[in-house]
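Here are some notes for a colleague at the bench, set out as numbered points. Please read them with the structure open beside the text.

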Amino acid sequence: MNRRSDPLIPTTDPLSREDTHPAEDRAGAVHHLVRRPELGALVAALGIFLFFSLTTDVFLSPAGVSTWLYSASLFGIMAVAVALLMIGGEFDLSAGAMTGTTGLLVGILTTQWGLNVWIAMLVALAVALAIGAANGLIVMKTGLPSFIVTLATFFILQGVNLAVTKLITGSVVIQGMAQVPFFDAVKHLFGSTIPVLGLDLKVAVLWWFAVIALATWVLIRTRTGNWIFAVGGALPSARQMGVPVLKVKIGLFMTTAGAGWLVGMLMLFDVSTVQATTGIGQEFVYIICAVVGGCLLTGGYGSAVGAALGALIYGMTLQGIVFAQWDNNWLKAFLGGMLLLAVLVNLSVRKRVGATA
Amino acid sequence: MSALAPAPAPAPILEARNIGKSYGPVRALHGVNATISAGEVLCVLGDNGAGKSTLIKILSGVHAHTEGELLAHGTPVTFASPRAALSLGITTVYQDLAVVPLMPVWRNFFLGAELRSGPFRQLDSRRMRHLTHTELAKMGIRLRDVDQPIGTLSGGERQSVAIARAVYFGASVVILDEPTAALGVKQSGVVLRYIAQARDRGLGVVFITHNPHHAYPVGDRFLLLEHGTSLGLFPKNELSLAEMTALMAGGAELEALAHELERPAPGPEA
C-alpha cells in the first residue's frame, strides 16, 4: 500500500500498478465481507421467513410466531455459546447432553432428596462449570482435539444421565417438579410466558436476546473478545503476544457448559419434567447453527448474531415444516444442505483472507 | 576482536563480551562479541547452524548465556525469561510475526496490550484505531483502512506492522529474526526500508539474516558467525560486500566447490 507514496518506485511502473490495484480491491471486498459473517444467514433467514409466511396460515399467527421463536431460543442460546467456543478454536460435543444433565440433577436433588430448589440449581451450575473446566483443561493440557475429548464427555454424560436417573427414580423421567417448594418462583424466572405485542412470548426468548447481546458485547467490545478471536485464529501468535491462552479456552468451555445449564433450567421449568435423554443429538445442531451463522470450523472468525440467526433458521424450519404438514424428515435434509452451503461460503472467505494462516 | 574499545558516547544498550552458550556438553556458541547502540543496525550473518538462533535466544531472554558477559546499559545482566529482556526494552520480532491473519490490523497491533476505558473496561477502539494509523504512518506505512484483516497485507507490510508495534510498545532494541527470509525482492526492499526507518527513530536494530545483499545496505556493523563462533565484528567501512559474502560462505569452501563444479576443459584433459 505504501508503494503509492514511495518516491523510489515510480507509480507508472506497470508491474507495481498491476500488483497493487487488484490486491487492494480484493482486500476491500473481502474485509467488508469479513466484517459481516452473519450476512448469508440473514438472507437465508429472511427467505425462510417469507416462504413459510406465504405457504402456511399458522406461521405468522401469534401462536405460530411464539412457537418458532421459543424453539429458536433454546437452540439459539446454545448456538451462541458454541459459536464463542468455535471462534476460540474448539468444539464441544457434550453441550447437548449438558442440558439434560443439569435438568436431571436439579430434578433428582429436589424431588428425590428434597433439597431446596435454589440450592439444587446452584449445585447443578457448579457441576456444569466443573465439567466444562475439565473439558478445557484436558484439551489444553494434552493437546488432543476438543472434538475427541468432548465426544468422550458426551458419551459419559449420556450414559450417566440414563443410568443414574434409572437407578434413583426407577424410570427415565423426572416427575413431580411442580410440587417442589418455590417451584413457582423459579418458574417466573425460567418458565413463564410474557405477553408482548399480542404474542405470548416465553421468557426463554428474552434470555436468548440477553445472551446474544452479552456475547456480542464481549466479542466486539471487550479485551476478552479480542483474546477469543486471537486464540482461535492463531494460537501460537496469541501466546507470544501474552494472551492468557489457557484461561481463555477454559473460560469458553465453561461458558458453553453454563449455557447448557441455562437451557436445562429453561426446559425443566417450562414443562416441569425432564427426560433422561434430553439434549442427546442436539450438539451437532448447535454447531450447524453456528456454522450457518458464519463461524469458521477452523476458528478465529464468526459472530454471536450469526449463530443466533442460524438458530432462528433452524427454529423457523423446524416449526414451519410442522405447520406445512410435511414429513418431518425433510428437516434433516434441509439442515444438511444449509450446512454444506454455509461451509462452502465460509471456505471462500477463509481462502481469500487467511491464505497464509 | 579486542576492538571492544568503550563506545564513545554513552554505553551501548546491549553489549556481548565473549559470550557463549552450552546446552549440556554441546557448545552451541562461544566467543561472540557485539555491541548494539541506539540508532545503529547490527547485522548478524551466518549460514544455517552457525549459531544465529542461539545468539537471538540469549539476547531475547529465551535462554541464559553460560559463558562471557552480557551488559545492558553497561551493567552485567542475565535474562531469566523473555519478559526480563522485554522489560529492558529488548523486543524480538519472530519470523511468524505473532499476528492473527483474520483479525483487523488495529486489533493485531494492540493484541495482548489492549487499551480500555469506561466503567465496563470496554476496548477503546477509537483510540486504538487512531494510534495504529498514526504509528504506522510514522514508519511510512500508509493503510487505507486499519480495519482490514492483517492477512490481506503483503508479507513485507506485515513485517513492518510487527516492527511498528515493537517500536510503539517502547522497544529500544528490536531483534528481527530473518525478516526477509520468506520474501521476494520487492517485499524485502519494503522491510529493509522500515529497518532504516526504525534506526532513524533511534532504535538499536539487530537484523539476523543469511543474505549479505540484504544486510549490507542497512547495516552499520556486521557480526559474522560460523560453526558456533564469531568470525569477527566489522564496521561497514572495514568490509566490502564481496569480502563479506566470501567470509560468510566460508570462502575456502566455496572455492573448493567452484573448483569441483567446474566443467572439464574440452580437449586435452578428458
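1. Is Phe51(A) buried, partly exposed or exposed? In this structure, which is a predicted model, Phe51(A) has a relative accessible area of 39%, so the residue counts as partly exposed, given that the class lies between the 20% limit for buried and the 50% limit for exposed.

2. A search of the whole structure finds 25 aromatic pairs over all chains. In one of them the ring centres of Phe51(A) and Trp326(A) are 6.0 Å apart, and because their planes meet at 55 degrees, the pair is classed as tilted. This pair links distant parts of the chain, since Phe51(A) belongs to helix H2 (residues 39-55) of chain A while Trp326(A) lies in the loop between helix H13 (304-323) and helix H14 (330-353), 275 residues apart. Trp326(A), with a relative accessibility of 41%, is partly exposed.

3. Another pair is formed by Phe190(A) and Trp207(A), whose ring centres are 5.4 Å apart and whose planes are at 25 degrees, so that this pair is stacked. Here Phe190(A) comes from helix H7 (residues 183-190) of chain A and Trp207(A) from helix H8 (residues 203-221) of chain A, with their positions 17 residues apart in the chain. Phe190(A) is buried at 4% relative accessibility, whereas Trp207(A) is partly exposed at 27%.

4. Phe51(A) and Trp326(A) also belong to one aromatic cluster, in which they are joined by Phe49(A), Phe52(A), Phe59(A), Trp68(A) and Phe323(A). Charged side chains meet aromatic rings as well: the charged end of Lys202(A) sits over the ring of Tyr70(A), 5.1 Å from its centre, and in chain B Lys21(B) lies over the face of Tyr23(B), at 5.0 Å from the ring centre.

5. Turning to chain A as a whole, the model has 14 helices and four strands in this chain, and 53% of its 357 residues count as buried. Of the contacts in chain A between residues at least 6 apart in sequence, 76% join residues that are at least 24 apart. The chain exposes about 15600 Å², of which carbon and sulfur atoms supply 70%.

6. Helix H6 (residues 146-169) of chain A can be followed from end to end: its 24 residues reach 33 Å from the first C-alpha to the last, which is close to the 34 Å expected at 1.5 Å a residue. Its buried residues are Ser146(A), Val149(A), Thr150(A), Thr153(A), Phe154(A), Leu157(A), Asn161(A) and Thr165(A). These buried residues of H6(A) pack against several elements of chain A, namely helix H4 (95-112), helix H5 (117-142), strand E1 (173-174), helix H11 (245-271) and helix H12 (283-292). After H6(A) comes Gly170(A), which has a positive phi, near 80 degrees.

7. In chain B, a residue to inspect is Leu247(B), which lies in helix H8 (residues 241-248) of that chain and is partly exposed at 31% relative accessibility. Leaving aside its neighbours within four places in sequence, Leu247(B) is in contact with Leu224(B), Glu226(B), Leu231(B), Phe234(B) and Leu239(B). The C-alpha atom of Leu247(B) is separated by 10.0 Å from that of Gly232(B), which is 15 residues away along the chain.

Note on methods:
Residues are numbered from 1 along each chain as its sequence is written. Chains are lettered from A and ligands numbered from 1 in the order in which they are written. Side-chain values use heavy atoms; hydrogens and water are left out. Rings of Phe, Tyr and Trp (its six-membered ring) pair if their centres lie within 6.5 Å; planes under 30 degrees apart count as stacked, over 60 as edge-to-face and the rest as tilted. Helices (H or I, at least four residues) and strands (E, at least two) are DSSP runs, numbered from the N terminus. Buried means under 20% relative accessible area, exposed over 50%, partly exposed in between (1.4 Å probe, protein chains only). A charge sits over a ring if NZ of Lys or CZ of Arg is within 6 Å of the ring centre and within 35 degrees of the ring normal. Contact means heavy atoms within 4.5 Å. Accessible areas come from the Shrake-Rupley method with a 1.4 Å probe; for residues, only the protein chains shown count as cover. The expected span of a helix is 1.5 Å times one less than its number of residues.
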